[in-house]
Structure formats: structure tokens, C-alpha cells
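Let's take a friendly walk through this model, looking at its empty spaces, its packed helices and a few backbone details. Please keep the 3D view open as you read.

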Amino acid sequence: MLHDPVELQRDRLGLDRLLESDEPGVVLQARRDLLDEPSPPEAARVLEGPKVRALLAGTRKEGGFGGHAYAKWGGAHWRLVSLVELGVPAGEPRCVAAAGTVLDWLTGRGHRGGIKMIDGLTRRCASQEGNALAVCCRLGLADDPRVRLLAESLVEWQWPDGGWNCDKKASGSRSSFHESLPPMWGLHEYWAARGEDAAQKAARRTAELFLEHRLFRTLASGEPIHPTFVQLRYPPYWHYNALQALVVLARMGLVGDPRAADGLELLEERRLPDGGWSVSGRWWKRPGTEGSNVEVVDWGSTANELLTLNALRVLRSASSSAA
């Protein structure tokens, strides 16, 4: 963590809030990643957490939760991203079964047959493959041939600037930040699980794209590329923001790059006096709400444990890199 006394006190306040969480997965990760405890007792109780229980509710015998795997935000694809971030253990049977439905969708003939190549560039919403690849690797499925296909496809589809894009009208000079961050995470997780050099190389090319822009700035003016890039939202789903980019860069050991400094400064500016972080917008609606984009769980509208956990992990990684 940072060495300034005021910041250390705020770090401790934020950490204390995490340790008081009713979600064992949050406490587990706080103890493991912020206090260096190798075997926190909460590891045995992750599945008892209220958010984890809600996300696993309605599991079907055949796997998944009914409906399309990509249904926003109750489909298996999205639930699994949240479950993995809440620390569910690798091999958890319901998660593995749900991951199977996601893999069947993404590697099926219907889905693959619709992928277009225009002007020599694959136009693909690669956030789908990227998030699924990361989830499957965290669940211990990296050796599944369908997972390997996702990783190999992402490497094959990568654009010259290091990203991906599904826009059929895009010139090819710039890819989409939204569609590029999840693949970077997924390819990093695949490399961590299998040691595939091609996956690591591709992920680092994407990191270079984000770092070139200091995570959120245009090259021409230095202004934010889009207002939401500097907003704190959780879950991010497929949307790009500077904090989520920092999270993945930290996992890759790259958050100490000097070009990440603007993102780290932004993170420090958004810290609350109580040591935590709050959301500045959301992409979801509360459970029971009418319409689309309704969540399975209520992630909170102010102070957010997952934001705080991720922010403290990023700052700790940055501090370690600078030491």
C-alpha cells in the first residue's frame, strides 16, 4: 500500500470495511490480496455469501439459468463473471455447468458462422469471448478444447493496434476499448493457466494500446475519450473504464508503467474520506425492476465493496512496483 501516513490510514479504513463484509468472498480476497494471508478461512464459505447465493439461484439441471447465456444481466455469461470476481472456487459444479452453456454458444456453428471479416479485419464483439475465456480459466477449464478455441480465435482476430472491434464501418485504424479490455483479461488468464506465449504477447499488445492513451485520453488533445471512461461503475460488464483497465493491468504486473499514472491519480481523487470508493453511475437496474438490463443482485448505489477491493488491490500493486 502507499506509504503516506494519511493514505495509509485511509487504506486501513477501506480495508476494515471489506473485512466486515457479509460476503465471505470479499473478505477472502481482502485477506489474501491486501494482508498476504495465504489461506484465509473464508475460502470455505464463499458459496454462503448472499450475492453468491443469489447469482447461483435458479440453476438448471442441464446447466445455466434458462434463457440465452448472454441475456443482460441474468444470463450465465454475466453471472459467471460476477461469481468469479466474488471468489467462487475453481471446479464449482454449478459454475462449470453454466460455463459449458456459454462455451457451447460461443463455439457453436450458429455463432461462429456469423463472424464477419471486412477489409482483412475480423469484426467481432470480442468482449464476449474475452470475458468467457477469463471465467473459464478461473474455473479450471483452460484445458477444454472450446476454451482453447476462444484463445486462439482472439489472437487471430486481433487488430494491428492491439485491440478488437465489431463495428463493420470502422476504418481499421482504431479498435474499440470496450471490446478490447475483456480479451486482454481473458488472454492473460489463459497464459497464467497454460503458459501460452501467444496469449501473453497478444494481451501485452492490448496493454500497450491502453497505456499509449494513458488509459483514457485522446492522443490529439489529452481529453477523456468518453465521459464514462473516467467514471467508476461496478459491474462494468463489457464497458471500458480506467479503473477496470488498472485492475487487469495490475493482474498482468503492468500497473507500475509510468503511463498508468493518470489513472492512478484519478483513482486517488475519487477516494472517500472513509477509505472506500462509490459508484458514479451504473449500467444495471435493481432486481424486480421492469424492462431490460435488470440485475440478479443489488450491487449498491453508493459505497461499493468490489470497487473498494479492486481499487486497493490496484494501489497496492502500484506501490509494490514503485518500491
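The report below goes through cavities, a pocket, two helix pairs and some backbone features.

## The model and its cavities

Please keep in mind that this is a predicted model. Rolling a probe the size of a water molecule over the atoms shows where empty space is left. Here, 3 cavities of 30 Å³ or more turn up, and the largest cavity holds about 190 Å³ of space.

The lining of that largest cavity counts 18 residues, and those nearest its centre are Val81, Asn131, Pro236, Tyr237 and Gln244. Three helices each supply two or more lining residues: α4 (76-85), α9 (177-194) and α11 (242-251). By class, the lining splits into 12 nonpolar, 5 polar and 1 charged residues.

## The largest pocket

The largest pocket has about 230 Å³ of space. If you would like to find it on screen, select Leu28, Gln29, Arg32, Asp33, Val84, Gly87, Val88, Pro89, Ala90, Arg138, Arg251 and Arg313, which line it. Helix α2 (residues 24-34) is the biggest contributor to this lining, giving 4 residues.

In chemical terms, the pocket lining is made of 5 nonpolar, 2 polar and 5 charged residues.

## How α7 packs against α4

Two packed helices are described by the angle between their axes and the distance between the axes. For α4 and α7, the angle is about 45° and the axes lie 10 Å apart. The two helices are therefore oblique to each other, and their crossing is left-handed.

On the α4 side, the contact is formed by His77, Trp78, Leu80, Val81, Val84 and Glu85, while α7 brings Gln128, Asn131, Ala132, Val135 and Arg138. These residues fall into 6 nonpolar, 3 polar and 2 charged. Some of the names will be familiar: Val81 and Asn131 are among the residues nearest the centre of the largest cavity, and Val84 and Arg138 are among those lining the largest pocket.

## How α7 packs against α8

Helix α7 (residues 127-138) also has helix α8 (residues 145-157) as a partner, with axes that come within 10 Å and cross at roughly 140°. That angle makes α7 oblique to α8. The crossing of α7 and α8 is left-handed.

From α7, the residues Glu129, Gly130, Ala132, Leu133, Cys136 and Cys137 meet Val147, Leu150, Ala151, Leu154 and Trp157 of α8. The class count for this contact is 9 nonpolar, 1 polar and 1 charged. Ala132 deserves a second look, as Ala132 takes part in the contact with α8 and also in the contact with α4.

## Backbone features worth a look

Most residues other than glycine have a negative phi, and most peptide bonds are trans. Which residues does a cis peptide bond with omega of about 0° join? They are Lys72 and Trp73, and Trp73 sits in the loop between α3 (50-56) and α4. Another cis peptide bond links Tyr234 to Pro235, with omega about -5°; Pro235 belongs to the loop between α10 (197-212) and α11.

Positive phi values also appear. Asp36, in the loop between α2 and α3, has a phi near 60° without being a glycine. Tyr237 likewise is not a glycine, yet has a positive phi of about 60°. Tyr237 lies in the loop between α10 and α11 and is one of the residues nearest the centre of the largest cavity.

Methods: Residues are numbered from 1 along each chain as its sequence is written. This is a predicted model: local features need pLDDT of at least 70, side-chain atom pairs count only at pLDDT 80 or more; totals for chains, interfaces and linings use all residues. Side-chain values use heavy atoms; hydrogens and water are left out. On a 1 Å grid over the protein atoms alone, a cavity is a set of points where a 1.4 Å probe fits but cannot get out, and a pocket is an open set with protein on both sides within 12 Å along at least five of seven lines; lining residues have an atom within 4 Å of a point. Grid points are joined across faces, edges and corners, and a volume is the space filled by probe spheres set on the points. Ala, Val, Leu, Ile, Met, Phe, Trp, Tyr, Cys and Pro count as nonpolar, Asp, Glu, Lys and Arg as charged, and the others, Gly among them, as polar. Axes are lines fitted to C-alpha atoms, for helices over the stretch in contact, and angles run from 0 to 180 degrees between N-to-C directions. Angles under 35 degrees count as roughly parallel, over 145 as roughly antiparallel, 65 to 115 as roughly perpendicular and the rest as oblique. A crossing is left-handed if the near helix is turned anticlockwise from the far one by less than a right angle, and right-handed if clockwise. Contact means heavy atoms within 4.5 Å.
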